[in-house]
Amino acid sequence: MSTSVSTAPQSPADVSGAPAPRRAGGGAPGRRARAWATRAPLLPALIFLIAVTQLPFVATLVISLFDWNSLAPDDRAFAGLSNYGEVFTDARLRESVFTTVLLTGTVVVVSVVLGLLLALLLDRKFFGRGFVRTLLITPFLLVPVSAALMWKHVLYNPEYGLLNGGWAWFTGLFGVENPGQPDWISDMPLIAVETALVWQWTPFMMLILLAGLQSRPAEIMEAAKLDGATAWQTFRHLTLPHLRRYLELGILLGSIYIVQNFDAVFTLTSGGLGTANLPYTIYQTFYQAHEYGLASAAGVVVVIGTIAIATFALRVVSSLFSEEANRA
């Protein structure tokens, strides 16, 4: 009877008796060297990014702790957190916070609703769809100051603006010779600013929601159609749940940008008539009242609020990408 004996495979070191050669570049020091070699070209860009973004913010933090008016530089003194206390107790700043919330909420909600309607229209095939889509995107591509100037002088002007001209033409069809010519900015200042911002931000919402509509599973939509679902049932039970993430993304990104809006308020109303939002109030505090410490504290509060909103936005984007990856 024969007995088989199994032996473990021997390494070259065991056979020759010499130590095994080490892999070229292997080991922890080699990996660290390769990692540094890969990251080294990015270091100048990283240093530049830190210098132009973080250092000014640190300087703002330091200035916010001082009672510093540039008209009385000799009276500059360390004030601790008193500037932050004034930000939350000053009536003018509280009013600007309320205006900012109202302005941002109104513009975002109206832009999302109009953007959804336009996205549903562009999701259908019709002649000239590409041309219509280009026209609808154009307002978002304009420079914000140019868009605000166009609304102020071309549309809102009570003497030669298109809105009053169109109103005069419409009432003239019914025999009214001298219709009322409202001064849109003076009579309804906040609505005038909101309308200009809605016009500019609706294409942004439309693009996000159109991307969501075109990512719907075609087989599910076809199955719903074969089962006899109406257009409203398909929209309510399939389209709207599918667009939930895209709606959240549009609302959060729109909120981040619109809460910082300065151009429309500055150009249309110069912050008057109850339209001064936080960015414009900070501008007034810094450049007109020369209260550097108070303006810096208000700016830090705005940055913290924006970071909080951006954190939610990044989470939504991350979950959106994860869903798309799992679907693929």
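In which helix does Leu46 lie? In this predicted model, Leu46 lies in helix α3.

**The nonpolar surface patch**

With a relative accessible area of 43%, Leu46 is partly exposed, because that class covers values between 20% and 50%. Leu46 is also one of the residues that make a nonpolar surface patch of about 800 Å². The other residues named for this patch are Trp36, Leu43, Ile47, Phe48, Leu49, Ile50 and Val52. Helix α3, which spans residues 43-63, provides the largest share of the patch, namely seven residues.

**The nonpolar cores**

In soluble globular proteins, nonpolar side chains tend to be buried together. Here the largest nonpolar core has 41 residues, and the members that touch the most other members are Leu103, Val193, Leu197 and Leu268. At least two residues of this core come from each of α5 (91-122), α7 (144-155), α10 (189-214), α13 (244-258), α14 (263-268) and α16 (292-327). The most is given by α10, with 14 residues.

Sequence neighbours up to four places away aside, Leu268 touches Ala148, Trp151, Lys152, Tyr156, Ile185, Ala192, Val193 and Ala196. A second core of eleven residues is separate, and Leu93, Ala295, Ala297 and Ala298 are among its members.

**Leu120 in helix α5**

Helix α5 also holds Leu120, a partly exposed residue with a relative accessible area of 26%. Beyond four places in sequence, Leu120 is in contact with Leu213 and Phe235. From Leu120 to Gln214 the separation is 94 residues in sequence, while their C-alpha atoms are 9.9 Å apart in space.

**Asn69 in a loop**

Asn69 is found in the loop that runs between β1 (66-67) and β2 (77-78). Is Asn69 buried or exposed? Asn69 counts as buried because its relative accessibility is 19%, and the cut-off for buried is under 20%.

Two partners of the Asn69 side chain are listed below with their distances.

| Asn69 group | Partner group | Distance |
|---|---|---|
| Asn69 side chain | Leu71 backbone nitrogen | 2.8 Å |
| Asn69 side chain | Glu291 side chain | 3.0 Å |

The pairing with Glu291 is a polar contact between side chains. Glu291 appears again among the residues that Asn69 touches when those up to four places away in sequence are not counted, together with Ala289 and His290.

Terms used: Residues are numbered from 1 along each chain as its sequence is written. This is a predicted model: local features need pLDDT of at least 70, side-chain atom pairs count only at pLDDT 80 or more; totals for chains, interfaces and linings use all residues. Side-chain values use heavy atoms; hydrogens and water are left out. Helices (H or I, at least four residues) and strands (E, at least two) are DSSP runs, numbered from the N terminus. Buried means under 20% relative accessible area, exposed over 50%, partly exposed in between (1.4 Å probe, protein chains only). A polar contact is a pair of N or O atoms within 3.5 Å; within protein, one must be able to donate a hydrogen and the other to accept it, and residues adjacent in sequence count only if both atoms are side-chain atoms. Contact means heavy atoms within 4.5 Å. A nonpolar core is a set of buried Ala, Val, Leu, Ile, Met, Phe, Trp, Tyr and Cys residues joined through side-chain atoms within 4.5 Å. Patches are made of residues with over 30% relative accessible area and no salt bridge: like charges are joined within 9 Å, nonpolar side chains (Val, Leu, Ile, Met, Phe, Trp, Tyr) within 5 Å. Accessible areas come from the Shrake-Rupley method with a 1.4 Å probe; for residues, only the protein chains shown count as cover. A salt bridge is a side-chain nitrogen of Lys or Arg within 4 Å of a carboxyl oxygen of Asp or Glu.
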